[in-house]
Amino acid sequence: MKRNPKDKSLVGAAGEHLVLARLLSRDLLASQAPRGTRKADVLVNPLDGGKPRLIQVKTRTAVGKSMGWHMSLKHEAISEKDLFYCFVNLDLINPSVYVIPSRIVAKVVRDSHAEWLSMPGQKGQKHNDNELRRIKNDYGPNFKKIKAGWMDKYLERWELLD
């Protein structure tokens, strides 16, 4: 039987539903934001009267793990106290979620891109600036500002939303 490539919208929806399930199981009132909402995929309102939070979900499948998650230029400037990112690794055996404040994400996206621009390309040429960014747990040994495994301390850190 021929396998079809994964539908990206289904991958994204699966990541959002996984995040919702993890939040609800921790007694956090959470719901999907209306489709097309600019800043958030998930809205969180703690039942104990805690501060509402916004979550942007980025999901990847187990395929292409080393490539990280797609980001863009705009993510370098999104830094708000009430906004968090959930980076979902949709591994079929053990899916995992990194819960990271937006200010940390903005800094890593900005720093990693600047460092990438400063490095020569595969043939020694200068990299051309563009809108594409990636966020990864390991950028490789040539990156000095961002240490391998920097995301590990954010793995399943749902308490950061408190």
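This is a short walk through a predicted model, stop by stop. Residues count from 1 along each chain as its sequence is written, and side-chain values use heavy atoms, with hydrogens and water left out. Since the model is predicted, local features need pLDDT of at least 70 and side-chain atom pairs count only at pLDDT 80 or more, while totals for chains, interfaces and linings use all residues.

**Stop 1: helix 1.** Select residues 8–24, which form helix 1. Helices (H or I, at least four residues) and strands (E, at least two) are DSSP runs, numbered from the N terminus. The expected span is 1.5 Å times one less than the number of residues, so the 17 residues here should cover 24 Å, and the end C-alpha atoms are indeed 24 Å apart. Now colour the buried residues (under 20% relative accessible area; exposed is over 50%, partly exposed in between; 1.4 Å probe, protein chains only). In helix 1 these are Val11, Gly15, Glu16, Leu18, Val19, Leu20, Arg22 and Leu23.

**Stop 2: Asp27.** Step into the loop between helix 1 and strand 1, where you'll find Asp27. Its phi is positive, about 60 degrees, although Asp27 is not a glycine. Most residues other than glycine have a negative phi. Asp27 is exposed, at 61% relative accessible area.

**Stop 3: strand 3.** Select 53–61. Of the 9 residues in strand 3, 8 are buried. Two strands pair if DSSP finds at least two bridges between them. Strand 2 joins strand 3 through 3 bridges and runs antiparallel to it; look for Leu43 opposite Leu54. That hairpin has 6 residues between the strands, and Gly49 takes a positive phi near 90 degrees. Strand 5 runs parallel to strand 3, with 8 bridges; Ile55 has Phe84 as its bridge partner there.

**Stop 4: the second largest pocket.** Pockets are found on a 1 Å grid over the protein atoms alone: a pocket is an open set of points where a 1.4 Å probe fits, with protein on both sides within 12 Å along at least five of seven lines, and lining residues have an atom within 4 Å of a point. Select Met67, Ser112, His113, Trp116, Asn130, Leu132, Arg133, Arg134, Lys136, Tyr139 and Phe143 for the lining. Helix 2 (102–118) and strand 7 each supply at least two residues of it. The space comes to about 300 Å³, a volume filled by probe spheres set on the points, which are joined across faces, edges and corners.

**Last stop: Glu156.** Go to the segment after strand 7 for Glu156. Its phi is positive too, near 55 degrees, and Glu156 is partly exposed, at 24%.

Methods. Contact means heavy atoms within 4.5 Å.
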